[in-house]
Amino acid sequence: MNSVLRVNNVSKKAKDFQILNKVSFELGSGEITGLIGPNGAGKTSIMKILVGLTRNYTGEVDLSGVRDIGCMIETPNFYPYNTGYQNLMYFAGLNGVGKKKVEELLELLGLKGAANKNVKAYSLGMRQRLGIAQALLKDPDVLVLDEPTNGLDPEGIHEVREYIRKIADEKNITVLISSHLLGELEKMCDRAIIIKKGEIIQFMDFSSDSKEKKITYVIESPDIEAAQKVLLENGYHIVSQNEQEVRIKIAAGRKSDAAKLLASRNVVMTGLYEASETLEDTFLDLMKE
């Protein structure tokens with residue numbers, strides 16, 4: 001991974017409360033990374049540290065590979081009785097950017113047709129896209145978005161997701177995005193960082209080669225105890241089990257090896273299939289621990 005930003009052992013305390021505890025991760029060039037965790041997990045705190053809104057922390061944030069960071073933290077505010085174009089031109093002036101960049105961003109974010117409408121008449125999804133356009137005014141190479149789909153209807157969520165993916169692909173911008181909508185992040189992101197009580201508890205990679213990626217398989221058998229015993233004796237990692245099934249995590253190419261092993265030990269299988277494990281399943285399991 002070609003890293004553009006590194007966070008190393010970042011911790012933050014407020015009085016006696018540990019907000020972040022030794023958080024470390026890297027962001028790759030042109031990659032969309034999801035930051036996932038329940039309310040109070042520390043997602044917004046991490047984002048505020050990255051964009052310089054919080055300076056009271058320990059550890060290191062290496063921005064030496066970053067030219068500029070754009071951000072949208074909390075709901076963007078605009079002048080409601082001014083048009084989208086007028087609002088963007090105002091912020092462009094503050095950032096020393098010209099008309100050409102504003103027109104390019106209105107096109108990129110699908111707002112060209114609504115550029116001359118008052119923002120008061122914009123849907124929430126359009127306002128979120130205008131907020132993303134504002135964050136892109138200085139041509140950043142890293143974009144930090146805190147809950148950009150919060151409060152949107154399914155159509156709005158879809159449109160914002162598509163434009164974020166478009167930005168990453170066309171502009172090669174590195175995106176860090178937080179959300180509670182886990183299914184949406186799974187469709188949008190290359191990787192996910194799961195955070196709980198200020199600590200990173202798991203990284204998930206959605207873009208790795210399926211041959212390399214380990215998959216959870218469900219094995220059904222009338223004699224689960226025997227199946228479990230044989231699998232454990234042969235070094236298989238058992239994720240979970242109950243009276244009807246045992247789940248193992250293995251590389252995709254090892255499915256037939258597991259089936260042959262059980263058959264050779266006369267363990268009857270009534271089913272062997274890939275578990276439809278989603279990001280949401282993983283997240284909920286981790287939050288229980």
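A residue counts as buried when its relative accessible area is under 20%, and Phe91, with 14%, is therefore buried. This value, like those that follow, comes from a predicted model.

Phe91 is a good place to start a tour of the aromatic side chains. Three aromatic pairs are counted in the structure. In one of them, Phe78 and Phe91 meet edge-to-face, with 6.1 Å from centre to centre and 80 degrees between the planes. Phe78 belongs to the loop between β5 (69-72) and α2, whereas Phe91 sits in helix α2, so their contact ties together parts that are 13 residues apart in sequence. Phe78 is buried as well, its relative accessible area being 14%. Phe91 also pairs edge-to-face with Tyr90, here with 5.2 Å between the centres and 70 degrees between the planes. Tyr90 itself is partly exposed, at 39% relative accessibility. Taken together, ring pairs link Phe78, Tyr79, Tyr90 and Phe91 into a cluster.

Two members of this cluster turn up again at the surface. Tyr79 and Tyr90, together with Leu94, make a nonpolar surface patch of about 330 Å². Leu94 lies in helix α2, which covers residues 84-94. With a relative accessible area of 59%, Leu94 is exposed, while Tyr90 in the same patch is partly exposed. Tyr90 thus has a place both in the ring cluster and in the nonpolar patch.

Further along the chain, strands β8 (residues 191-196) and β9 (residues 199-205) run antiparallel and are joined by six bridges. Within this pairing, Ile194 has Gln202 of β9 as its bridge partner. The two strands form a hairpin with two residues between them, and Lys197 in the turn has a positive phi of about 50 degrees. As a general reminder for reading such strands, side chains in a regular strand alternate between the two faces of the sheet.

What, finally, of the cysteines? The structure holds zero disulfides. Cys71 is in no disulfide, and the nearest cysteine sulfur, that of Cys189, is 18 Å away. A disulfide requires sulfur atoms within 2.5 Å, so the 18 Å between the sulfur of Cys189 and its closest counterpart, in Cys71, is too far for a bond. The surroundings of these cysteines can be described as well: Cys71 is partly exposed, with a relative accessible area of 33%, whereas Cys189 counts as buried at 6%.

How values were computed: Residues are numbered from 1 along each chain as its sequence is written. Side-chain values use heavy atoms; hydrogens and water are left out. Patches are made of residues with over 30% relative accessible area and no salt bridge: like charges are joined within 9 Å, nonpolar side chains (Val, Leu, Ile, Met, Phe, Trp, Tyr) within 5 Å. Accessible areas come from the Shrake-Rupley method with a 1.4 Å probe; for residues, only the protein chains shown count as cover. A salt bridge is a side-chain nitrogen of Lys or Arg within 4 Å of a carboxyl oxygen of Asp or Glu. Helices (H or I, at least four residues) and strands (E, at least two) are DSSP runs, numbered from the N terminus. Buried means under 20% relative accessible area, exposed over 50%, partly exposed in between (1.4 Å probe, protein chains only). Two strands pair if DSSP finds at least two bridges between them. Rings of Phe, Tyr and Trp (its six-membered ring) pair if their centres lie within 6.5 Å; planes under 30 degrees apart count as stacked, over 60 as edge-to-face and the rest as tilted.
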